[in-house]
Amino acid sequence: MINNDWDLALSDEFKKDYFLEIMDFVNEEYDSKTVYPPYDEIFNAFKLTPLGNVKVVILGQDPYHEEGQAHGLAFSTPDGRPIPRSLKNIFKEINNEYSYPIPESGCLEKWAKQGVFLLNTVLTVVEGQANSHSKCGWQTFTDNVIEILNNQTQPIVFMLWGKQAEKKKELITNPNHLVLITSHPSPFSARRGFLGSNHFRLANEFLKENSIDEIDWELD
């Protein structure tokens, strides 16, 4: 399904009844409604960031629900699409930390290919209906993904932004990892901690301390 080491790590998960029920539900939804991201991009985060390459985990909630915005990576949008306000604040924070120019594209594939696992806790959404698939079982699946990541011996940075992401802290018990928590980068909460959090620099400092290549946060 994914064509990298996630297939082996998730092989038991893919056989469980709850996951089969998710996929039956999702298939029916795609057949009868407009659902995002495109079907072949549901597992894009897994495809672009193999398990063995994960250095940083950034948790989102559910995909963008407007046409052309979602492509299977949390917070990311394809080239040529308007940049959502939360992502603008992410870019603003990186600019504050590193003085990198604000990108004109919201595509974060460069990060994903370096080991930034951009995971939404819910992987699909009906057009125009935020959280419409939040109760179909995806959160059970992604909680189990977080537990797999927690069990990795290589140190990983988990960035938990906002109340929903912060709830996942209890799944991250491995002392090898670093957990960074602040407010969500949305315009409604970014100034309550996210802006000025220094998370991107803190992540790189942790990676460097553990002899892991740092993330180049600059986007073209």
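What follows is a chat between a student and a tutor about the strands and helices of this predicted model.

Student: Let's start with the sheet. What is the order of its four strands?

Tutor: We've got an open sheet here, and its pairing is parallel. Strand 3 and strand 6 are the edge strands, each pairing on one side only. Neighbouring strands are turned by 20 degrees against each other on average, direction ignored. Read across, the order is 3-2-5-6.

Student: How many bridges join strand 2 to strand 5?

Tutor: Strand 2 (residues 56-60) also pairs with strand 3 (residues 116-120), in the parallel sense and over five bridges. Towards strand 5 (residues 157-161) the run is parallel as well. There, the number of bridges is three.

Student: Ile58 sits in strand 2, so to speak, between two partners. Which residue of strand 5 is the bridge partner of Ile58?

Tutor: Look at strand 3 to begin with: there, Ile58 has Leu118 as its bridge partner. Now turn to strand 5, where the bridge partner of Ile58 is Met159.

Student: Is strand 2 mostly covered or mostly open?

Tutor: Side chains in a regular strand alternate between the two faces of the sheet, so check each side. On one side Val56, Ile58 and Gly60 are buried, and on the other Val57 and Leu59 are buried too. With five of its five residues buried, strand 2 is mostly covered.

Student: And strand 5, how many of its residues are buried?

Tutor: Try the two faces again. Val157, Met159 and Trp161 are buried on one side, and Phe158 and Leu160 on the other. Strand 5 is largely enclosed by the rest of the structure, because the buried count is five of five.

Student: Moving over to strand 6, which residue there is the bridge partner of Phe158?

Tutor: Strand 5 and strand 6 (residues 178-182) pair in the parallel sense over five bridges. Val157 stands opposite Leu178 in strand 6. For Phe158, the bridge partner in strand 6 is Val179.

Student: Which helix packs on the sheet, touching strand 2, strand 5 and strand 6, and what angle does its direction make with that of strand 5?

Tutor: The one you want covers residues 199-209, and that's helix 9. Compare its direction with that of strand 5, and you get about 165 degrees.

Student: Now two helices. Why is helix 3 called oblique to helix 7?

Tutor: The axes of helix 3 (residues 17-32) and helix 7 (residues 138-150) come within 9 Å and cross at roughly 130 degrees. Angles over 145 would count as roughly antiparallel, and 65 to 115 as roughly perpendicular. The crossing angle therefore makes helix 3, relative to helix 7, oblique.

Student: What handedness does that crossing have, and how many charged residues are in the contact?

Tutor: The crossing of helix 3 and helix 7 is left-handed. Helix 3 brings Tyr18, Phe19, Ile22, Met23 and Val26, while helix 7 brings Trp138, Thr140, Phe141 and Asn144. By class that gives seven nonpolar and two polar residues, and the charged count is none.

Student: Last one: is Asn53 buried, partly exposed or exposed?

Tutor: Asn53 lies in the loop between helix 4 (44-48) and strand 2. Leaving aside residues up to four places away in sequence, Asn53 touches Gln114 and Gly115. Phe117 is 64 residues away in sequence, yet its C-alpha is 8.9 Å from that of Asn53. Relative accessibility is 40%, so Asn53 counts as partly exposed.

Technical notes:
Residues numbered from 1 in each chain as written. Predicted model: local features only at pLDDT ≥ 70, side-chain atom pairs only at ≥ 80, totals over all residues. Heavy atoms only, no water. Axes fitted to C-alpha atoms, helices over the stretch in contact; angles between N-to-C directions. Parallel < 35°, antiparallel > 145°, perpendicular 65-115°, else oblique. Left-handed = near helix turned anticlockwise from the far one by under 90°. Contact = heavy atoms within 4.5 Å. Nonpolar A, V, L, I, M, F, W, Y, C, P; charged D, E, K, R; others polar. Buried < 20%, exposed > 50% of the residue type's maximum accessible area, 1.4 Å probe, protein only. Pairing = 2+ DSSP bridges.
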